[in-house]
Amino acid sequence: MVLKTFGWSFAVTALGLVAAFFYGGWQAFGIVAILSVLEISLSFDNAVINAGILKKMNAFWQKIFLTIGILIAVFAMRLVFPVVIVAISAQLGPIEAIDLSFNDPDRYKELVTDAHPSIAAFGGMFLLMIFLDFIFEDRDIQWLRWIERPLAKLGKVDMLSVCVALIVLLVSAMTFATHAHQHGGGHADKASTVMLSGIAGLITYLVVGGLSGFFENKLEEEEEREHEAEEEARKAGKPASAVLLAGKAAFFMFLYLEVLDASFSFDGVIGAFAITNEIVLMALGLGIGAMYVRSLTVYLVRQGTLDDYVYLEHGAHYAIGALAVILLVTIQYEINELITGLVGVVLIGWSFWSSVRRNRAIAAAGPTGGEKRKQISTSA
């Protein structure tokens with residue numbers, strides 16, 4: 001099972017490391033290995049969230065996610081994206097930007113760093129909306145009940161997550177502008193760019209998430225209409241399979257997954273520049289990491305891990321919230337990539353351990369502890 005799921009990732013790892021060695025010797029080999037580990041550690045929460053969405057899609061769209069999706073993830077976000085942001089920020093053509101990345105990597109890094117506030121604002125707002133929509137929703141199973149219960153009550157207020165996100169963006173942009181003005185930097189004029197980029201991230205979330213939600217609701221209506229037929233099939237002794245996302249619903253869910261992956265990859269791409277300026281090594285290392293994220297996503301879906309460890313999804317969303325805050329903070333301040341990776345790992349590890357404890361408590365309660373089991377299953 002492990003070999004089947006991670007086989008392509010192992011193969012890509014071997015090819016990538018060999019290519020790195022022939023490109024730049026043992027030093028390049030080490031850089032690509034470090035970048036791979038960096039990407040995996042920063043994107044584990046991405047795999048958990050992806051798995052929660054992917055399990056709703058049918059086999060065809062799961063394959064699309066693993067084939068076309070990985071091409072988008074590796075080439076678009078890990079190779080093309082750094083070139084595009086340099087081209088836009090420096091007002092260069094794509095060919096010129098590529099030439100710059102190969103022939104003047106120091107200048108290339110400088111331009112990417114200069115564009116970071118806009119990138120962080122876009123990605124931070126997109127991820128923040130995911131976290132807020134999760135935390136403001138009333139759920140049967142609650143992990144940190146003392147936080148989630150009151151926030152779920154607040155979530156009944158219409159558009160609260162959008163209002164909170166816009167307030168956070170406004171504070172971030174004003175802080176950025178004030179700091180630049182006080183220090184006489186040349187970034188004060190970029191406060192408006194940060195604001196626009198953040199609003200673009202918010203709009204992207206609302207449009208893509210709204211469309212996927214619309215078609216998912218349409219599918220649920222179809223499921224309700226087919227419910228009677230499924231019941232009859234069960235009575236007749238025929239197996240009744242769950243209706244999985246297909247067609248337009250799956251397409252927009254796939255689009256949502258790709259935008260989500262793009263937002264998660266922002267910190268990995270920017271963090272990679274702290275390790276190397278060479279676009280080839282960056283693409284190899286981050287590409288290997290992206291493959292493992294895809295494989296891990298499939299593994300979680302096929303093993304039913306999210307159903308067995310019910311707090312994992314909560315931990316991943318808290319990690320998303322932490323990453324969103326970190327991205328918005330990095331608009332103005334530098335934060336070590338190690339901290340970014342460790343925050344996600346700690347939160348997901350904590351949620352996993354809470355799930356294990358929950359499962360043990362339910363097993364200990366036994367078949368006669370119905371009320372106790374119910375209480376355990378709704379909170380940590």
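This section describes the overall architecture of a predicted model, the packing of one pair of helices, and the surroundings of selected residues.

The protein chain contains 13 helices and 0 strands. From the N terminus onward, its elements accordingly read α-α-α-α-α-α-α-α-α-α-α-α-α. Of the 380 residues in the protein chain, 47% are buried. Among contacts with a separation of 6 or more, 82% are made by residues 24 or more positions apart.

The mean pLDDT of the protein chain is 76, and 76% of the residues reach a score of at least 70. Confidence is highest in helix H5 (residues 145-154), with a mean of 84, and lowest in helix H13 (residues 370-378), where the mean is 50. Where pLDDT is low, predicted coordinates should not be interpreted in detail.

Packed helix pairs are described by the distance and the angle between their axes. For helix H3 (residues 94-103) and helix H4 (residues 105-135), the axes come within 6 Å and cross at roughly 120°. This angle lies outside the range of 65 to 115 degrees that counts as roughly perpendicular and is not over 145, the bound for roughly antiparallel; H3 and H4 are therefore oblique to each other. On the H3 side, the contact involves Ala97, Leu100, Ser101, Phe102 and Asn103; on the H4 side, Pro105, Arg107, Tyr108 and Leu111 take part. The residues of this contact comprise 6 nonpolar, 2 polar and 1 charged.

Serine 101, located in helix H3, is one of the residues that meet H4. Its relative accessibility is 3%, below the 20% cut-off, so serine 101 counts as buried. The C-alpha atoms of serine 101 and proline 82 are 9.2 Å apart in space, while the two residues are 19 residues apart in sequence.

Glutamate 148 lies in helix H5, the helix in which confidence is highest. With a relative accessible area of 5%, glutamate 148 is buried. The side chain of glutamate 148 forms a polar contact of 3.0 Å with the side chain of tyrosine 318. When residues up to four places away in sequence are not counted, glutamate 148 touches Ile135, Ile141, Gln142, Trp143, His314 and Tyr318. Tyr318 thus appears both in this set of contacts and as the partner in the polar contact.

Serine 172 is placed in helix H6 (residues 160-182). Its relative accessible area of 15% falls under the 20% limit, and serine 172 is therefore classed as buried. A polar atom of the serine 172 side chain lies 2.9 Å from the backbone oxygen of valine 168. Not counting residues up to four places away in sequence, serine 172 touches Leu328 and Ile331.

Valine 208 belongs to helix H7 (residues 191-235) and is buried, with a relative accessible area of 8%. Leaving aside neighbours within four places in sequence, valine 208 is in contact with Phe252, Leu255, Tyr256 and Val259. For one of these partners, phenylalanine 252, the separation from valine 208 is 44 residues in sequence and 6.8 Å in space, C-alpha to C-alpha.

Terms used:
Residues numbered from 1 in each chain as written. Predicted model: local features only at pLDDT ≥ 70, side-chain atom pairs only at ≥ 80, totals over all residues. Heavy atoms only, no water. Axes fitted to C-alpha atoms, helices over the stretch in contact; angles between N-to-C directions. Helix = DSSP H or I, 4+ residues; strand = E, 2+ residues; numbered from the N terminus. Parallel < 35°, antiparallel > 145°, perpendicular 65-115°, else oblique. Contact = heavy atoms within 4.5 Å. Nonpolar A, V, L, I, M, F, W, Y, C, P; charged D, E, K, R; others polar. Buried < 20%, exposed > 50% of the residue type's maximum accessible area, 1.4 Å probe, protein only. Polar contact = N/O pair within 3.5 Å; in protein donor to acceptor, adjacent residues only side chain to side chain. pLDDT = per-residue confidence, 0-100.
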